[in-house]
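Biologist: Could you put the model up and go through it with me? I would like to start with the overall fold and then ask about details.

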Amino acid sequence: MGKKALSQILEWFSDVGVSDVTSNISSLNRETKREASTLAELKEVISKVDISLKKCALNMVFGVGNEKADILLLGEAPGAEEDKQGIPFVGQSGQLLDKILAAVGLDRTKVYITNILPWRPPGNRTPSNQEIDLFRPYVLKHISLINPKIVVCLGGTAAKALLQTTVGIMQLRGKWTKVDGLSARIIPTFHPAYLLRSPSQKREVWLDFLNVVGAL
Ligand code: URA
């Protein structure tokens, strides 16, 4: 809706005596700006997002790790085990992720981990474009609050969502990039779940993480 149409509507409401419309809108804007200046506030805001996804989930999965980390790992969405525990990457993929981190001298105390979606999609389906569009602003806020130097996108869904691209992970992997609104450098790599199915690609991910550590 254009500005003119919006102001006509507001004028009409004001004419018919609904005088609190404009103040409601500006207080809503103030609210949106005010909300989430800390991780705890962001968690609270996200927990109130009205989406059917959360009705199928056991727990909201927000983030874990060092809140002052230079490296933030961004996954896709919680799986069954993450849904049970409310913590990202604690299932099979998470165990492999821990090994990848250890191989380059990192561990969970040195990184922060979160996902594009905070709730498990039913049956572990891929997040829909609508869900990604809904949560992307929260992901950007989440990253800004941590303020890492580097964001590693784990897998194609996280990379496509953050970078707003349709380019596949095979082409994005290992290439540094940036997005508007974030100071961090971003590097996509393969998702640990993909490595469980295609172990021959582990070397590429190891090289990407060496690249990350070397860039700090
Ligand atoms: N896969 C993800 O992308 N995120 C998790 O938290 C677990 C598995």
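Biologist: How many helices and strands are there in the chain?

Modeller: There are eleven helices and five strands in the chain, where helices (H or I, at least four residues) and strands (E, at least two) are DSSP runs numbered from the N terminus. This is a predicted model, in which local features need pLDDT of at least 70 and side-chain atom pairs count only at pLDDT 80 or more, while totals for chains, interfaces and linings use all residues. Residues are numbered from 1 along each chain as its sequence is written, and side-chain values use heavy atoms, with hydrogens and water left out.

Biologist: What is the mean pLDDT of the chain?

Modeller: The mean pLDDT, the predictor's confidence in each residue from 0 to 100, is 89, and 84% of the residues reach 70 or more. Over residues 2-33 the pLDDT is below 50, and beyond near neighbours in sequence this stretch has seven contacts in the model, a contact being heavy atoms within 4.5 Å. Where pLDDT is low, the predicted coordinates should not be read in detail.

Biologist: Which residues have the most contacts inside the largest nonpolar core?

Modeller: They are Leu73, Leu74, Val151, Val152, Leu162 and Phe209, in a core of 57 residues. Such a core is a set of buried Ala, Val, Leu, Ile, Met, Phe, Trp, Tyr and Cys residues joined through side-chain atoms within 4.5 Å, and buried means under 20% relative accessible area, exposed over 50%, and partly exposed in between (1.4 Å probe, protein chains only). The largest share of this core, six residues, comes from helix H7 (residues 129-146). Leu73 itself touches, among others, Leu97, Leu101, Val152 and Phe209, not counting residues up to four places away in sequence.

Biologist: Thr114 is also in contact with Leu73; is Thr114 buried or exposed?

Modeller: Thr114, which is found in strand S3 (residues 111-115), is buried, with a relative accessible area of 2%. A polar atom of the Thr114 side chain lies 2.6 Å from the backbone oxygen of Phe62.

Biologist: And Glu131, why does that one count as buried?

Modeller: Glu131 counts as buried because its relative accessible area is 8%. Glu131 has its place in helix H7 and touches Ile51, Leu53, Leu117 and Arg125, not counting residues up to four places away in sequence. The side chains of Glu131 and Arg125 are joined by a polar contact of 2.7 Å, meaning a pair of N or O atoms within 3.5 Å; within protein, one must be able to donate a hydrogen and the other to accept it, and residues adjacent in sequence count only if both atoms are side-chain atoms.

Biologist: Changing topic, which residues are around the ligand?

Modeller: Those with a heavy atom within 4 Å of the ligand are Gly75, Glu76, Ala77, Glu82, Pro88, Phe89, Asn115 and His191. A backbone N or O atom of Glu76 lies 2.8 Å from an oxygen atom of the ligand, a polar side-chain atom of Asn115 lies 2.8 Å from a ligand nitrogen atom, and a polar side-chain atom of His191 lies 2.8 Å from an oxygen atom of the ligand. The protein covers 93% of the 240 Å² of accessible area that the ligand has on its own, with areas from the Shrake-Rupley method and a 1.4 Å probe; for residues, only the protein chains shown count as cover.

Biologist: Last one: where is Asn124, and what is its phi?

Modeller: Asn124 has its place in the loop between S3 and H7, and its phi is near 60°, a positive value in a residue other than glycine.
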